[in-house]
Amino acid sequence: MDIQNWAKELAESLLPPLGNRWLHVQGVVERAKWVGEIFHEEDKKLLIAAAYLHDIGYAPQLQKTSFHPLDGAWYLYSCNQDRLASLVAYHSESTFEAELRGLLPELEKIPREHSLIAEALTYCDMTTRGDGTQVSFSERLEDIFSRYDSDDIVYKAITAATPALRSDVEHTEQALNQKGLIIKI
């Protein structure tokens, strides 16, 4: 079974009971299928697989730290999926939240991949609303901020991460433009 189908089956076994979380993941996958056109076939499949798996750490049976990027990544490591584990661990600039949670040393045990694929995964996540709707980056930020109080760790982390997130989004949009793909919202 290829990586994309394996990831889809795993996500389908863990996320549907989580309601909107599953809707969000499906929207991120749809975005990844389109963004994946900037990559060769193997990397496109990897991006789509990472999109399916980026939020598996929310599944109750995988939670160990209650920090979904880390919990999902540790599970993927246990499945010998090191590259996927790295992409999931660091998606959407998770280091900012990890630091606020005191989990940065744990997160840093996982090697970080610095690549356009990693940035593209963040792009897909940060342009898909919680209900799976495709939105602009600024609309996604508004969506996140509307769901958390300003003293919440997630709110603080996203605020601190915004410049890095914007950079990931811009790099991906530049790659899309170079391939002649028009940004979809």
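Here is a short chat about a predicted model, taken one question at a time.

Biologist: How many disulfides are there in this model?
Modeller: A disulfide is a covalent bond between the sulfur atoms of two cysteines. To count here, a pair of cysteine sulfur atoms has to lie within 2.5 Å. By that rule, the count comes to 0 disulfides.

Biologist: Is cysteine 124 buried or exposed?
Modeller: Buried means under 20% relative accessible area. Cysteine 79, at 23%, is partly exposed. Cysteine 124 has a relative accessible area of 0%, so cysteine 124 is buried.

Biologist: Which helix gives the most to the largest nonpolar core?
Modeller: That core has 57 residues, and the ones touching the most other members are Val35, Leu47, Leu53, Ile56 and Leu76. With 8 residues, the top contributor is the helix spanning residues 41–53, α3.

Biologist: What is isoleucine 56 in contact with, leaving aside its neighbours within four places in sequence?
Modeller: Isoleucine 56 is one of the core residues that touch the most other members. Set those sequence neighbours aside, and its contacts are Leu10, Leu14, Leu15, Leu62, Gly72, Tyr75 and Leu76.

Biologist: Are α3 and α8 parallel or oblique to each other?
Modeller: Helix α8 covers residues 116–125, and its axis comes within 10 Å of the α3 axis. The two axes cross at roughly 40°. Angles under 35 degrees would count as roughly parallel. The α3 and α8 pair is therefore oblique.

Biologist: Is the crossing of α3 and α8 left-handed or right-handed?
Modeller: On the α3 side, the contact is made by Asp43, Leu46, Leu47, Ala50 and Ala51, and on the α8 side by Ile117, Ala120 and Leu121. The crossing of these two helices is right-handed.

Conventions
Residues numbered from 1 in each chain as written. Predicted model: local features only at pLDDT ≥ 70, side-chain atom pairs only at ≥ 80, totals over all residues. Heavy atoms only, no water. Buried < 20%, exposed > 50% of the residue type's maximum accessible area, 1.4 Å probe, protein only. Core = buried A, V, L, I, M, F, W, Y, C linked by side-chain atoms within 4.5 Å. Helix = DSSP H or I, 4+ residues; strand = E, 2+ residues; numbered from the N terminus. Contact = heavy atoms within 4.5 Å. Axes fitted to C-alpha atoms, helices over the stretch in contact; angles between N-to-C directions. Parallel < 35°, antiparallel > 145°, perpendicular 65-115°, else oblique. Left-handed = near helix turned anticlockwise from the far one by under 90°.
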